[in-house]
Amino acid sequence: MSEAKTHYRTCNICEAMCGLEIKHQGGEILSIKGDNNDPFSRGHICPKAVALQDFYRDKDRLKTPLKRTADGWQEISWNEAFAEIATRFRDVQQAHGKDAVGVYLGNPNAHNFGNAIMLPRFFKALGTNNRYSSASADQLPHHVASNYMLGAGMLIPIPDIDHTDFMLIIGANPIVSNGSLMTAPGVGKRLKAIQQRGGKVVVVDPRRTETAKKADRHLFIRPETDALFMLALVHTLFDEQRVNLGHLESRIHGLDSLAEAVKPYSPETVADACGMEATAIRELAREMATAKSAVCYSRMGASTQSFGGLCQWLNNVLNILTGNFDRRGGAMFPQPVFDLVRDKKGKPSSYGRYESRVRKLPYFNNEFPVATLADEILTPGEGQIRAMITVAGNPVLSAPGGMRLEEAFDALEFMVSVDIYLNETTRHADIILPATTGLEVPHFDVFFNSFAVRNTAKFSEPMFEKSPDQKHDWEILRDLALHLTGREDDGVTPEMMLDAGLKHGAYGAQGMSLDKLKDNPHGLDLGPLQPCLEQRIQTEDGLIRIAPQLYLDDLKRLDESGFSSREQDCDYPFSMISRRLPRSHNTWTQNSHRLVKGKNPCTVQMNTADAQKLGLTDGQNALVVSSTGKIQLPVEFNDDMFEGVISIPQGWGHNRANTAMTVAESQPGVSMNDITDSQRIDALTGNAAFNGTRVAVRVA
Ligand SMILES: Nc1nc2c(c(=O)[nH]1)N[C@H]1C(S)=C(S)[C@@H](COP(=O)(O)OP(=O)(O)OC[C@H]3O[C@@H](n4cnc5c(=O)[nH]c(N)nc54)[C@H](O)[C@@H]3O)O[C@H]1N2
Ligand SMILES: Nc1nc2c(c(=O)[nH]1)N[C@H]1C(S)=C(S)[C@@H](COP(=O)(O)OP(=O)(O)OC[C@H]3O[C@@H](n4cnc5c(=O)[nH]c(N)nc54)[C@H](O)[C@@H]3O)O[C@H]1N2
Ligand code: SF4
Ligand SMILES: [Mo]
């Protein structure tokens, strides 16, 4: 028997970057625990990390390329797969132009440094502008705000949760999600520490969430009215002469236009539409303005909605006007060892460089919004997408209007998926290329160090060697690029590129390198966030743009949205929002028995009074109907829901036929994106607007 070993690594599942300590012997995993010596996560772990062993061992995991044939799926060799893909993509591009091949990238790309580093080469080889990703069903409004206010889409302000005295959380549930655009392992402890040092946490959410229950105060809000609410906070700061720019006094451009623009939005004017009390809004503005330090943090609830763009702009505005931007305890900027903020002063961003063909939606970060992917495939004409490749994404379940996307994928001439499963999306592919994942992959967080509440760095070696016939995602991308271009491999690996980035980065002079990280398997602590915006801002004059014209222009759309009248929508009287569950991650972890056993968590939560009016009893099957479709799932009476609002878990729906995820397929959950609408977007950024989808609920 071989001896027991201990492996240290960072969990790759969510944004929290928890350090893990894994004991194993002879290929068997003995235990997975939090690594107490990780200087950042200090032992924190959640149940999903323990399931890494299930994904490793899962007999449903694909290990060999699959090809669809008249007789079903057939295993083929890698060479055969690459050759066929290159020929088919080239044929489509020769006949219809480069853009006739579309790409969709899913969330795990952001958790895999090989992909992050190799994707640009792959894109260059493919040469298409028809690129899409889950970012436009998620955090796009944050990037757009940073782009217009700070000159760099990746320069995103992060709450300094470990030092703040007042945290206003809008539309985020970090106790369950473990934080997003706020990498903060053990966020529960960090929130508690705010309270222990005499500070306060306030949550604004249409659902009294797990986070709201731990907060000092929870305020209900009607979905999609956050921009009005935040405008009222800003209005109050001006109205009561509480604007205090502090150290940013001489570094703000546009303050007068902002003051003028927010005049109409007094708390008294917007309170009814938001379902809030005007006095509560004024009180919040005063608390933020007078706290020793304060930060407003708004996330998915304020991002994936019709006014996500305005919300993320106003979030920054609030932090600036209360003197809390780039300041300890406020919204700060990480200084990562591998920096994604390139020096681009004066260089234009790609925002609006192109418009999407069918709906004329803006291009941003070299992508079009995923909400229009189905249109681009299904609408005939020059520039139509005729072939697709998805990489680590499951848009049939994750994108708005997933049913239409299924129809679109079926209509393609050719489709390829790089994935670990045969699932709802990949089953539409002609060829599936299976990648390694989790414990088989080396790990470095290219993205999440840029969003972390403390500067740290860590590299993890693979724990298990992949078998010789398996390929890493980055090798698949490299080989595809080589087959497409006919070039020879130059031998460059992601580790070489990472090492170069580390040596040339901000810590290079202090000896930062891949070897140094490898010598420190628990990770390196590089200290708390420090004020650094003056060095990092990318606007030409170094000033923060507090009132970019496109946001001021978008206020008209908000004014015309008629919130109060929409509440009287008789056909669809309820407003639907999403929720995340502690034991699932987006659409892909439900094949772990350990995570899904027990009572079906995929329920529609609604307020008892609302449910009883409809004649529903607790646990009964309900039909939830929108203008685009209907789903059926059990109702759960839950007085943590605001009146008129229902909540459904996102990422479910493995009950479709023809997949090969045997555990997941037996799960009763349905996909809420069968009834979301790809036409519902934040028109400013093109981000999907899941929240606030109008629905009716009936006895099934
Ligand atoms: N209604 C509603 N919809 C939502 C949301 C919501 O809140 N409400 N949330 C949105 C958000 S925030 C996001 S990020 C998106 C996520 O949207 P997606 O990224 O499209 O969905 P995932 O479930 O993350 O899909 C991951 C895919 O990658 C595969 N996979 C997992 N690990 C690996 C790997 O290592 N390599 C490869 N090649 N494949 C792998 C999985 O099998 C799965 O097919 O969903 C969005 N959709
Ligand atoms: N366990 C688990 N953790 C995850 C994930 C997962 O699937 N499972 N997914 C990961 C991913 S990809 C991401 S992006 C992050 C997201 O992390 P979070 O941003 O924390 O996302 P959610 O938990 O969806 O929280 C969104 C909150 O917004 C509220 N909300 C909905 N509509 C509105 C509205 O109009 N206004 C306001 N104010 N609130 C609203 C919802 O009730 C919900 O509480 O989580 C990550 N972590
Ligand atoms: S919180 Fe996220 S990173 Fe931490 S163990 Fe859980 S899934 Fe992994
Ligand atoms: Mo996400």
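Me: How far is the polar side-chain atom of Thr437 from an oxygen atom of ligand 1?
Reply: This is a predicted model, in which local features need pLDDT of at least 70 and side-chain atom pairs count only at pLDDT 80 or more, while totals for chains, interfaces and linings use all residues. Side-chain values use heavy atoms without hydrogens or water, residues are numbered from 1 along each chain as its sequence is written, and chains are lettered from A and ligands numbered from 1 in written order. A polar contact is a pair of N or O atoms within 3.5 Å (within protein, one must be able to donate a hydrogen and the other to accept it, and sequence neighbours count only if both atoms are side-chain atoms). For Thr437, the polar side-chain atom lies from the ligand 1 oxygen at a distance of 2.8 Å.

Me: Which share of ligand 1 does the protein bury?
Reply: Further contacts to oxygen atoms of ligand 1 come from a polar side-chain atom of Tyr104, at 2.7 Å, and from a backbone N or O atom of Ala392, at 3.4 Å. Of the 910 Å² that ligand 1 exposes when taken alone (Shrake-Rupley method, 1.4 Å probe), the protein buries 97%.

Me: Which elements give two or more residues to the shell around ligand 1?
Reply: The shell is made of 31 residues, each with a heavy atom within 4 Å of the ligand, and Tyr104, Asn107, Ser398, Asp419 and Thr587 are the closest of them. Helices (H or I, at least four residues) and strands (E, at least two) are DSSP runs counted from the N terminus. The elements that supply two or more of the shell residues are helix 16 (395–398) and strand 16 (414–419).

Me: Between which domains does ligand 1 lie?
Reply: Domain bounds here come from an automatic or database assignment. Because residues of the shell are given by both of these domains, ligand 1 lies between domain 1 (66–133 + 352–451 + 454–514) and domain 3 (568–699).

Me: How much of the area of ligand 2 does the protein bury?
Reply: Two oxygen contacts of ligand 2 involve a backbone N or O atom of Gly171, at 3.3 Å, and a polar side-chain atom of Ser177, at 2.8 Å. A nitrogen atom of ligand 2 is also 2.6 Å from a polar backbone atom of Ser584. Ligand 2 alone exposes 920 Å², and the part of this that the protein buries is 98%.

Me: Which element gives the largest share of the shell around ligand 2?
Reply: Ligand 2 is surrounded by 34 residues, and the closest are Asp205, Asp226, Leu581, Ser584 and Asn586. Domain 2 (160–334 + 533–557) and domain 3 each provide at least three residues of this shell. At least two residues come from each of helix 6 (174–177), helix 13 (300–303) and strand 21 (574–579), and the largest share, three residues, belongs to helix 6.

Me: How many residues apart are Lys67 and Glu84?
Reply: Side chains of opposite charge can pair when their charged atoms come close. In a salt bridge, a side-chain nitrogen of Lys or Arg is within 4 Å of a carboxyl oxygen of Asp or Glu, and the whole structure has 44 of them, including one between Lys67 and Glu84 with N to O at 2.9 Å. This pair links distant parts of the chain, since Lys67 sits in strand 4 (residues 66–69) and Glu84 in helix 3 (residues 78–96), and in sequence they are apart by 17 residues.

Me: Is Glu287 buried or exposed?
Reply: Glu287 forms a salt bridge with Lys200, where the closest N and O atoms are 3.2 Å apart. Lys200 is in strand 10 (residues 200–204) and Glu287 in helix 12 (residues 278–290), so the bridge ties together parts that are 87 residues apart in sequence. Buried means under 20% relative accessible area, exposed over 50%, and partly exposed in between (1.4 Å probe, protein chains only). Lys200, at 35%, is partly exposed, whereas Glu287, because its relative accessible area is 11%, is buried.

Me: What is the relative accessible area of Lys471?
Reply: Lys471 pairs with Asp479 in a salt bridge whose closest N and O atoms are 3.0 Å apart. Asp479 is buried, because its relative accessible area is 10%. Lys471 is buried as well, with a relative accessible area of 17%.

Me: Which residues are joined into one network?
Reply: Some salt bridges share partners, and in this way they connect a group of side chains. The residues in this one network are Asp239, Glu240, Arg242, Glu268, Arg282, Glu283 and Arg286.
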